[in-house]
Amino acid sequence: MAVERTISIIKPDAVAKNVIGQIYARFEGAGLKIVAARMTQLSQKTAEEFYGIHRERPFFKDLVSFMISGPVMIQVLEGDNAITKNRDLMGATDPKKAAPGTIRADFADSIDANAVHGSDGPDTAKHEIGFFFPGMDVLSR
Ligand code: CMP
């Protein structure tokens with residue numbers, strides 16, 4: 001299995017619920033290591049740029065306002081198959097459709113306030129790691 005790195009964001013709803021530790025425990029329990037982390041409140045410009053791929057989608061404005069509504073915790077996760085593993089831990093984008101036991105099923109309230117973001121593939125992971133942690137390697141080896 002390939003060792004990968006991926007971006008995870010704990011969104012303002014989950015930070016406000018004080019469940020950063022519970023979410024970190026899920027990453028660690030699945031064998032993912034937190035190799036970089038930063039808590040920050042995103043500016044409108046940064047959120048718009050980060051979610052630029054969704055600029056034309058009807059939910060873009062609401063997504064950006066939600067993402068800047070409070071602090072977020074951004075981390076790089078590392079481990080075997082980290083990208084897919086993190087997405088499996090997160091569950092479906094819409095918490096109503098997320099499988100029981102996933103982060104979104106347990107902590108999310110709506111498709112916007114859906115607790116976490118995770119890179120959806122190797123190219124996105126590379127882009128998102130560089131976006132939030134400039135100069136950081138995509139792979140550890
Ligand atoms: P995230 O993984 O952060 O990527 C884009 C976000 O847009 C997504 O999680 C959701 O929070 C939000 N979003 C809101 N409406 C939709 C939708 N209809 N389809 C996909 N994502 C949506």
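Modeller: Strands here are DSSP runs of E with at least two residues, numbered from the N terminus. The model is predicted.

Biologist: Which strand holds His 117?

Modeller: His 117 belongs to strand S4, which covers residues 116-118.

Biologist: Is His 117 buried or exposed?

Modeller: Buried means under 20% relative accessible area. His 117 has 13%, so it is buried. Its side chain also makes a polar contact, at 3.1 Å, with the side chain of Glu 128.

Biologist: Which residues surround the ligand?

Modeller: His 117 is one of them. The others are Lys 11, Tyr 51, His 54, Phe 59, Leu 63, Thr 93, Arg 104, Ile 111, Asp 112 and Asn 114. By class, this shell contains 4 nonpolar, 4 polar and 3 charged residues.

Biologist: Where does the ligand sit?

Modeller: The ligand occupies the largest pocket.

Biologist: Which distances to ligand oxygen atoms should I look at?

Modeller: Start with Lys 11, where a polar side-chain atom is 2.7 Å from an oxygen atom of the ligand. For Asn 114, a polar side-chain atom lies 3.2 Å from a ligand oxygen. For Arg 104, an N or O atom of the side chain is 3.4 Å from an oxygen atom of the ligand.

Biologist: How much of the ligand's accessible area does the protein cover?

Modeller: The ligand on its own has 460 Å² of accessible area, and the protein covers 79% of that.

Biologist: How should I read the sign of phi?

Modeller: Most residues other than glycine have a negative phi. Asn 18 is not a glycine, yet its phi is positive, about 65°. Ala 115 also has a positive phi, near 70°.

Biologist: Where is Asn 18 found, and where is Ala 115?

Modeller: Asn 18 lies in the loop between helix H1 (12-16) and helix H2 (20-29). Ala 115 is in the loop between helix H6 (103-107) and S4.

Biologist: Are these two residues buried or exposed?

Modeller: Asn 18 has a relative accessibility of 68%, so it counts as exposed. Ala 115 has a relative accessible area of 0%, so it is buried.

Biologist: What about a value between the two cut-offs, and how does Asp 80 count?

Modeller: Exposed means over 50% and buried under 20%, with partly exposed in between. Asp 80, at 31% relative accessibility, therefore counts as partly exposed. Asp 80 is in strand S3, residues 72-80.

Biologist: How far is the C-alpha atom of Asp 80 from that of Leu 32?

Modeller: The two C-alpha atoms are 7.7 Å apart, while Asp 80 and Leu 32 are 48 residues apart along the chain.

Definitions and conventions
Residues numbered from 1 in each chain as written. Predicted model: local features only at pLDDT ≥ 70, side-chain atom pairs only at ≥ 80, totals over all residues. Heavy atoms only, no water. Near = heavy atom within 4 Å. Polar contact = N/O pair within 3.5 Å; in protein donor to acceptor, adjacent residues only side chain to side chain. Areas by Shrake-Rupley, 256 points an atom, 1.4 Å probe, with all protein chains shown as cover. 1 Å grid on protein atoms, 1.4 Å probe; cavity = no way out; pocket = protein on both sides within 12 Å on 5 of 7 lines; lining within 4 Å. Sits in = over half its atoms within 2 Å of the grid points. Nonpolar A, V, L, I, M, F, W, Y, C, P; charged D, E, K, R; others polar. Helix = DSSP H or I, 4+ residues; strand = E, 2+ residues; numbered from the N terminus. Buried < 20%, exposed > 50% of the residue type's maximum accessible area, 1.4 Å probe, protein only.
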